[in-house]
Each structure stands twice: as structure tokens, then as C-alpha cells.
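I opened my notebook to go through this one piece by piece. Here is what I looked up, in the order in which I did it.

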Amino acid sequence: MSAIDIRGVSKRFGTTPVLHELDLTVAAGEFLVLVGPSGCGKSTLLRMIAGLEEVSAGEIRIGGRRVNELPPKARDIAMVFQSYALYPHMSVADNMAYSLRLRRTLPAEIARAVGAAAGKLGLEALLTRKPKALSGGQRQRVAMGRAIVRKPGAFLFDEPLSNLDARLREHMRAEIKKLHRELGATSIYVTHDQIEAMTLADRIVALNGGRVQQVGSPLDLYDRPANLFVAGFIGSPAMNMFQAHLERDGGTPMLTHAAFRIPLPRDLALPDGAALTVGIRPEHIVLGAGPIRGTVDLIEPTGLGTIVHLTLGGTAIKAFSLERHPLSIGGDVQLDLPLARLHLFDDAGVRVGD
Amino acid sequence: MRRRPLYWAVHYCLLSLYVLFALFPLYWLLKVALTPNELLYSEGIRLWPSRASLEHFRFVLTHSDFPLFFRNSLIVSTSTAVLATLVSSACGYGLSRFTFRGKSALVALMLITQMFPLVMLVAPMFRLLTPLGLTNSLTGLVIVYTAFNAPFATFLMQSFFDAIPRELEEAAMIDGATRFGAFRRIILPLTLPGIAATSGFVFTAAWSELLFALMLNSSARASTFPVGLLSFVSKFSVDFGQMMAAGVLALIPACLFFLLIQRYLVRGLTAGAVKG
Amino acid sequence: MGADPHQGETEPEVTALGRRLASGAEPYLYTAPVLLLIVAIMLVPLGVGLSYAFRDLQLLDPFAGAFIGLDHFRELIADDIFRDALRNTAVWTCASVSLQFVLGLGLALLLNREFPGRRLVQALVFLPWAVPTFLVGLDWQWLFNPVVGPLPHWLFALHITHDANNLLSDPNLALIGPIVAAVWWGIPFFAITCLAALQSIPKDLYEAAAIDGAGLLEQFRSITLPLLAPTIAISILLRTIWVANFADLIIVMTNGGPADATQTVASYIFTVAFRRLDFGYASAVATALLLLLFVYAIAILLLRRAFLRRQA
């Protein structure tokens, strides 16, 4: 298992900069997820680690070795593609054996390795089939089998579950997590789906516009998002945002909005009148009791809980509650925004306070 | 992926060889056309005549029937291109969208037509077309050329149509269009590259056809330029300079046309996913 | 034609039936024009032409035209020129098609990468296809002529030939001339077909192979070739048939000579028909060629089916 070091890596396509001086360290055996919207550069970074794209500036090290100039096959990595990239004219077994055969591994050894990988992924019955005779989930597993067989220093996943339907995606997510526990392999996983990021990662790297927004464990990003981007990206339904400002009432800073005024901790060092963005997650809004009043626009029961669309002082928000409240559309409801659950961001989108 | 500089050096080297190979004969054609008669044989192997002259071109354009031949070729080739594209679009569309009894027979038939020597058809065709008044006529040539090119043109158009999802016509038909209306107004415009490629291909083929133009026409009035080129052989006891000049002039439309559409040919063949 | 969902009223019986008939006839309407053209212009004359093989048809003899049964075919079997023509046809077809294919595939591989000036280069190397075939023949005839062309002198200077004579007047070497001309003219066809097929191979297959450890050559061998194979097979099949039938270049460059040394079956048909003006015999030769190609096509298709069956 290799650790991966990314130091000051930038990437330009022609004159267009795509990644800006990234620094990142992936510990050996860690499952790191690169998450972000389309175009944020996460796939580009992954492909640079794989050797499929050139590094414009900076250095990438795998297992302590500088790999900038090395071709993909010399980097001891394996990759699972979004489109699986299975060789259509070869059987499942041949697909998995391909890399071993290129290394002149003995046939007996190849058979053993392929058999072991197939066993782990439940592919034994499919070994003689061609990719076109497989379902999406099966192809996905073959793609993973092809990667496992090589016992590489690191695994790279490029949005491998995007082409699967929702149910299958859930199932495969669990499979991937189990596999990682068994193999303990260094893995870098790219996705735009924050649920995948949250459930799979040891650590998450949130990327936007070619820059790292935050690095931390999933719960770190959930509990303490470092800026507006991370706050809005992680968590579903997304965090509600209010535009408010700070008024000093005596010595107490007050969070002031059309619909509410909430006292903030005294040690908050912001000037009077400062513009603030306040965030609170739908699941943290307390419905049914509280000092604030909102109007109900829409009710979406999901079985597990209820998503309630509200208007609060002119701002449309969503609340999520596990209980079923007696609400009517157009009616009013009392709610509370607990201070402990509020996230404050300054006018640059950066987190303030705790 | 990164490619070593050595790779690119070899790449460009090989490409230049191909380009040289492709262009040299054409260059030679031009060179002969520009060589005045007295230097033609004495300077035969020079890469460029010591005195280039446009005398051949001038002669061909003013003193021969060549402008007439050129005009005839233009008429025949353009008409054939248009007619062949029309009928093969219809047929290609039919093959692409429908399954019907006799479909494989039709396809087999079209394949067979690509298989036999056209030489065999000259005499029978002459005897068949004479009573119809279609010999010595440009119309006759157009009909014959359209028939010759229809199978391949159909194959081309079919691959272009295969690349367009059926849902488009179905949506149009739900909106109230007839199938033909949907074909005309929605599908056809989408296959403009395909139409360009097919017409260009047919144009080029018709432009250079010699055998039937020669055999089905005996008067200069209805001759196309390939026939005209051959006439240089007897009339001036193989006047190569003039023949090459005429050849260069005749090449220009064909090459231009082809240059414009070759890109679509590649795209069209890719689009239809050339299957075995 | 789909049913009109906005029409609430029931239609009169006649119109509904008429519409059903029309929609059943639709495909035939679309394909009819081409079918008519092919039958009228190609198949009917073909039938008539085939019948000539059994008749004595000399263009200059107004009293000819009698049915003579298999006489022509008996003549054919004893015809030395025909036998040599068969051999030449094999050489001509194999050499032309394989060279066209190999060089065309090479060109397609080179054009399959993005590089500056690619559009221009592509247009230029495809240009030979646009040149009329007899002009190709004339042009190359000149190139090979030592008096007016550079090739004999260059070949001599490079020590490839031991004199600077016209290749086309040497009975043993003359066939090379039309072959070179055919290759020059035919490379674009294969290049275009192969390029189209190459571009339909997904790029990430190559990336996966690169990660798996395959170098360029290995990628070509294990990905490009197998995925290209169906297209290649069909192209070669069609092209072989077409080249076997292709007489223009030979007629223009060597006229079948010197002394019938470069006659292929196709050019022989032409010579017999338009120089000897014996249409009956020419049709017999043409029938023989047609039969040969038919057998070839069937053999290939059977081979293909056997190959596919073994794979499955």
C-alpha cells in the first residue's frame, strides 16, 4: 500500500487554468474522496495521479517516488472508469487477466488471482461471458475485479457508480466499502454525489473551481463546513441560507433578519452592521414550537420523515422532521433555530465563530 | 497522455511521406500542363519547366470543344448527384427505419450490383436505350449514373439515418405530422452532413466516369469531359500537354468538391457504426 | 404512421383501411425508386448480357447473332490468354488490395490523433480519390515513361532497377505499374473507412490498457485490431470484388500488354469486346468472372459464419 503526495500541483489546459497549486497527502490505506460539482477539477486531478494527464506544475509522489514523468503502467496504480472501459471482445476472465498476462505472470498464478478476485466480487458464474452480456452492476464489479487482481499500490475510482440506477448504487456503495475494509488499499475516489462521499470516505476533499475548499472527515465537513460552498454542497436536503447582518445591542451581538433576532456569543469579533450569511440544516430546524413564525408552502412526505417548504421573512427554506406534524399548506407554524446549530459565514463566505 | 518527442518525429515523418506520395503525381500533372510543347520531351524529367507557359490552357479553353464537354460534365454530374441523393435518401431511410418482407433480398440485390463488371452492360444497355432515345443524351447518362451509384449512396445514407434516434420522428408524428412530413422537415435537415457526403461522392464518381459516356454517346454535343480528354489522343496525335491541361482544369471541380465533403464522409461512416 | 390522438370521432371504414394499407406499403414506397432503377438499368441489361455468352455476336458481322450454346465456354477453357489473365487477376487483386489496406490503415492510425494542421493534411492525402481513374492511369503512365517521367531514373539511381527503362514495356514487371497506380488511388478509401472505425473505439479502452501495462504496440494488437476486425473484413471483401472488376487502369496504362502480359480477366473482357468487337465471347468471359467472384463471396461468408460460430 502506498501513500500519495500531491505538492503544489497545478494544471492548465492551454491557457485555461483548471487546478491551482493543490497540496494533499493521502495516507497509506486511506479512502479519500474527491468531491465537487462538475468542472471543479476532481477528475483532472485523478487522471494526473494516474498518468493520463500531464502535470503543468508541481509534483506527485506515489509511495515516496516522484511519478510526474512515469507512464501509467509504471506507477503501480489501478483505475476503475466511469464507463467501466471493459474490453468488449474479451471474456470477463480475460478482462481481469489482461494486466497479469502482460506481465508474463504464470498461467497458474493468473488463474488463481482471477479466481480469488472473482470470488470476492461474486463473479464466478460470469467468468466466460462477454461484457455485452452483463448488466450494469455486473460490469461495474468486473471493472473492480480487473483493478483488484493487480494488487496495486493505490486504487483510483472515477465516478464509478454514476451510470447505475439508485438502488444499485446503494448496493455497490456498500460493496466498495466492504472491499476497502478487506483489502485495506489506498483509494482515491472521485464523485459529485455527496452521499457517496459521506458514506465511503475516511477523509473528504471538497473541491471547487480547482481549489481545495476543505479537507476533513465526513462528519467534520458536515458539522463544521469551512465555507459557504462546503456548507451548501454537503448534506441533503441542502443547508438553508439566510442573508442577515450583525447588530450590536449593548455589548451583545445580535443576528438580525427580517424574521428573527438571535443573540450571539459575546466573544464574536465582528463589527456592527457586518453582513452575514446564516446557515442551518433542514434537519436541525425545530418545528412546532419556538419564537419564530413561518408560512408553510409545500409538504413532501418521504416516509422516513417530512420535508416542509416554508417561507420565513421572505426567504424560502426547507425543514426536515422525523415526526409528522399537523400542518396545512398556507398555514403558519412556529419554529426554532437553535444557536448551537447555526453556521455563520462572513461576506467572503468564510466560516466565523464555531 | 504524454507522448515522447520521438513519437511525434516519426509521426510527422510518416505523414509527410504520405502527403508527398499523394501530391506528387498531381504536381506532375500540373507540371506537364505548364510545359510548352517544344520543351515537353527534351525537358521531360525536370521537376519544373525552364519556361512555364499557359499556352496549353489557353488552347484548351479557346480552340477545343473542351468548354462544351466541361459544361456537359457539370450538368450530368450535378444532376446525378441530386437525383441519386434523393432516391438513395428515400431508400436509405426505408432500410433504416422499417423491417419488411423482401428487405434482405433488396440488400442482397444491391450488394450483387456492386459485384459485376460493368463492361458487360455496355452492349445490352446500348440496345435497350437507343429505341428510348436515351443514347447521345445527357438525360440518358444521368439515369444510368444514378442507377450505378444508388446502391453505395443508399448504404451511406442508411448509416447516417441509423445515427438519428427514432424518437424524433415519433415525437413529430405524435405532434400531428405524417411520417413523410417528419422525414422531410425534421430528419432530413439533421442529416445535412450525410447529404453533403453522399452528393459529393456521387458527383465525383459521375464526373470521372468514362466507359459509358464513351459508349452511349457518339456526338460531341453530348460528350462529357472524360470523353473529350480521350479525343485529344486521336485529334492531335496524343497531345499530352493539352491533355494534361484539360485534365488539370477538369480536376479542379472534382477536387474542390471532394475536399469540402471528405470530412463528412468520415463522420458519416463513424456515425452509422460500420458493422460487419 | 401513428394514430392521431386528437381525433375523437371514429373514421369511416374505408379511410381506416386505406390508411392501414398505406402504412403497410410505406417501406416499399421509400425503396421503390432505387429498386426500379437497379432492375431496369442494371439487372435487365445484365440478364441480356449474360445471354450474349451463348450467342455468336460480332459487331461487324450483321448476320451474326445465332445461338451457339456453350461454344464460347469451350473456347474459353482452351484460351491461353484467359488462363494467364486468371493468374494476373490474382496477383493484381491481392497486391492492390493488401497494399491499399496496409497503407490505408497506417494512414488512418496517423490521422487518428489530434495534431495541428490535421484537417489540412487529411484533405490532402485523400485527394487522389477525387481524380478520375483514367487520368490516374495516364498520369502514372507518364511517370513511368523514362522520356517524360522521373520514376525510371530515380529507381535506377536508387539501385532498385538495373536500368532506366520503362517498367511498363517489360512483360515481367509491367503489372507493377497499374498496381502502384491502383494503390495510389485506393489508399483514401481504406483510410477513410478505417479512420471512421478507429474513431468509434472509445478512448478509455486505451487508457485502461495503458494502466494495465500495455505499450503502444500491445494496445494496437489487443484493442485496435480486434475491434477493427469486422470493418476490415467487410471492406476487404467488397474491395477485392471491386478491384477484380476494375479494368480502367490496366487498359489505359498497358492496354493489357505488352503482348497480353498484363491482361486480367476484367481487362480481357474489355479488349475482346472493344478491340476484337466480339461481344459474344466477351460476355462469356464476363460470365466466368462473375461466377468466380460469386464463389469467392460465398466462400468468405461461409468462412465468416464458421469463425463466428467457433467464437461463441
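**The sheet in chain A**

I began with an open sheet of 6 strands in chain A, with the order S13-S12-S11-S14-S19-S20 and antiparallel pairing. Strands here are DSSP runs of E with at least two residues, helices are runs of H or I with at least four, and both are numbered from the N terminus. Two strands pair if DSSP finds at least two bridges between them. I noted that this is a predicted model: local features need pLDDT of at least 70, side-chain atom pairs count only at pLDDT 80 or more, and totals for chains, interfaces and linings use all residues. Residues are numbered from 1 along each chain as its sequence is written, while chains are lettered from A and ligands numbered from 1 in the order in which they are written.

Which strands are at the edges? They are strand S13 (261–263) and strand S20 (351–352) of chain A, and each pairs on one side only.

Next I followed S11 (residues 240–249) of chain A, which has 6 bridges to S14 (residues 275–280) of chain A, running antiparallel. On that side, I found His245(A) bridged to Ala275(A) in S14(A). S11(A) also has 5 bridges to S12 (residues 252–256) of chain A, again antiparallel. There, Arg248(A) sits opposite Pro253(A) of S12(A). The hairpin of S11(A) and S12(A) has 2 residues between the strands, and Gly250(A) takes a positive phi near 70° in it.

From S12(A) I moved on to S13(A): 3 bridges join the two, which run antiparallel. Met254(A) stands opposite Pro263(A) of S13(A).

**Domains of chain A**

I checked the domain bounds, which come from an automatic or database domain assignment. Chain A has domain 1 (4–233) and domain 2 (240–352). Their centres, taken over C-alpha atoms, are 38 Å apart. How many residues does each domain give to the contact? Domain 1 of chain A gives 7 and domain 2 of chain A gives 8, where contact means C-beta atoms, placed from the backbone, within 7 Å. On the domain 1 side of chain A, I counted 5 nonpolar, 2 polar and no charged residues. Nonpolar covers Ala, Val, Leu, Ile, Met, Phe, Trp, Tyr, Cys and Pro, charged covers Asp, Glu, Lys and Arg, and the others, Gly among them, are polar.

**Chain C**

Chain C has 12 helices and 0 strands. I found it divided into domain 1 (11–44) and domain 2 (71–311), with 39 Å between their centres over C-alpha atoms. Of its 312 residues, 45% are buried, that is, with 20 or more other C-beta atoms (placed from the backbone) within 10 Å of their own. Among the contacts in chain C with a separation of 6 or more, 64% are between residues 24 or more positions apart.

**Where chain C touches chain B**

I looked at this contact next: 76 residues of chain C meet 73 residues of chain B. Which helix gives the most on the chain C side? H1(C) does, with 18 residues. That side of chain C divides into 61 nonpolar, 12 polar and 3 charged residues.

**Confidence in chain B**

Last, I checked pLDDT, the predictor's confidence in each residue, from 0 to 100. Chain B has a mean of 79, and 89% of its residues reach 70 or more. Among the elements of chain B, helix H12 (residues 225–235) has the lowest mean, 68, and helix H4 (residues 66–97) the highest, 88. Where pLDDT is low, the predicted coordinates should not be read in detail.

Methods:
Contact = placed C-beta atoms within 7 Å. Buried ≥ 20, exposed ≤ 12 C-beta atoms within 10 Å, placed from the backbone.
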